[in-house]
Amino acid sequence: MNAGRSRLTPAAVLAGTVAAAIVVAVASVRYPAILQLPGAGPVLAVTVIMLLGYAAGGAWALKHPSPGHGVALVWGTLGGAMWSAEIWCGGPAKLSHSLEQALGALFVVLALAATVTGGILAAVRFRRAGPAWQAGLFSGLISGLFVYIFAVDMTLATLPILASRGDYQAQFAHSHAPDMATFLVGDILAAVAAHLVINLVVGLAGGGLGVLIARAARPAATVP
């Protein structure tokens, strides 16, 4: 894989980080009361720290392209799409409870599998620990940014539908939010801030597995 293609993934991470920052800024300006919700401070702190870390990783990788980055772009995007489908099923899709639970569980499994696959596939393909680790790391970064941007945009675009759900109405009744829109936006910002951490950890787990596979395969690859 050439250096130009390898730089596409870190460039996507940098662009995604900027997009995520814009999304959270827009949500905060449109619904400023979310900053007064319980736990808003820690959520904002985690979001800022993680996005700065994501941006630093993307900037570093632009100067240190790896063949694993191309693998990460595919599997990280797929993982983010699966997480987004899971969130959609539990939100504006308004499915029956049993179908929502079944599809939600399916998409969670697919999301985890896709994100982990990046590091493993890079290990099998390149048989080197470096690309495997990079593929795992960037699968997590791409996946985390994908679901962050999608979930917040989805929530802002479907607030009336989400507000009509009985389970959200019950949660709002026991919350300290001043109105339903503030509750929903604050809730999704907390959820996707957690995804910035969770998806990265899952990607790193895939990268770790890939490193083990690459190291185990390397001696066999050197046998004449």
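The lining of the largest pocket is made up of 13 nonpolar residues, six polar residues and one charged residue. The structure described here is a predicted model, and the following paragraphs lead through its two principal pockets in turn.

The largest pocket encloses about 300 Å³ of space. Its lining comprises 20 residues, and those closest to the centre of the pocket are Ile34, Leu37, Pro38, Ala40 and Gly186. Three elements each contribute two or more residues to this lining: helix 2, which spans 8-30, helix 3, which spans 40-63, and helix 9, which spans 180-221. Helix 9 makes the greatest contribution to the lining of the largest pocket, namely five residues.

The second largest pocket holds about 240 Å³ of space. A total of 16 residues line the second largest pocket, and Ile87, Gly90, Tyr168, Asp187 and Ile188 are the ones nearest its centre. Here the elements that supply two or more residues are helix 6 (129-157), helix 8 (166-173) and helix 9. The largest share of the lining of the second largest pocket is again that of helix 9, with five residues. Classified by residue type, the lining of this second largest pocket consists of seven nonpolar, five polar and four charged residues.

Helix 9 therefore offers a convenient point from which to view both regions, as it gives the most to the lining of the largest pocket and also provides the largest share of the lining of the second largest pocket.

Key. Residues numbered from 1 in each chain as written. Predicted model: local features only at pLDDT ≥ 70, side-chain atom pairs only at ≥ 80, totals over all residues. Heavy atoms only, no water. 1 Å grid on protein atoms, 1.4 Å probe; cavity = no way out; pocket = protein on both sides within 12 Å on 5 of 7 lines; lining within 4 Å. Points joined across faces, edges and corners; volume = space filled by probe spheres on them. Helix = DSSP H or I, 4+ residues; strand = E, 2+ residues; numbered from the N terminus. Nonpolar A, V, L, I, M, F, W, Y, C, P; charged D, E, K, R; others polar.
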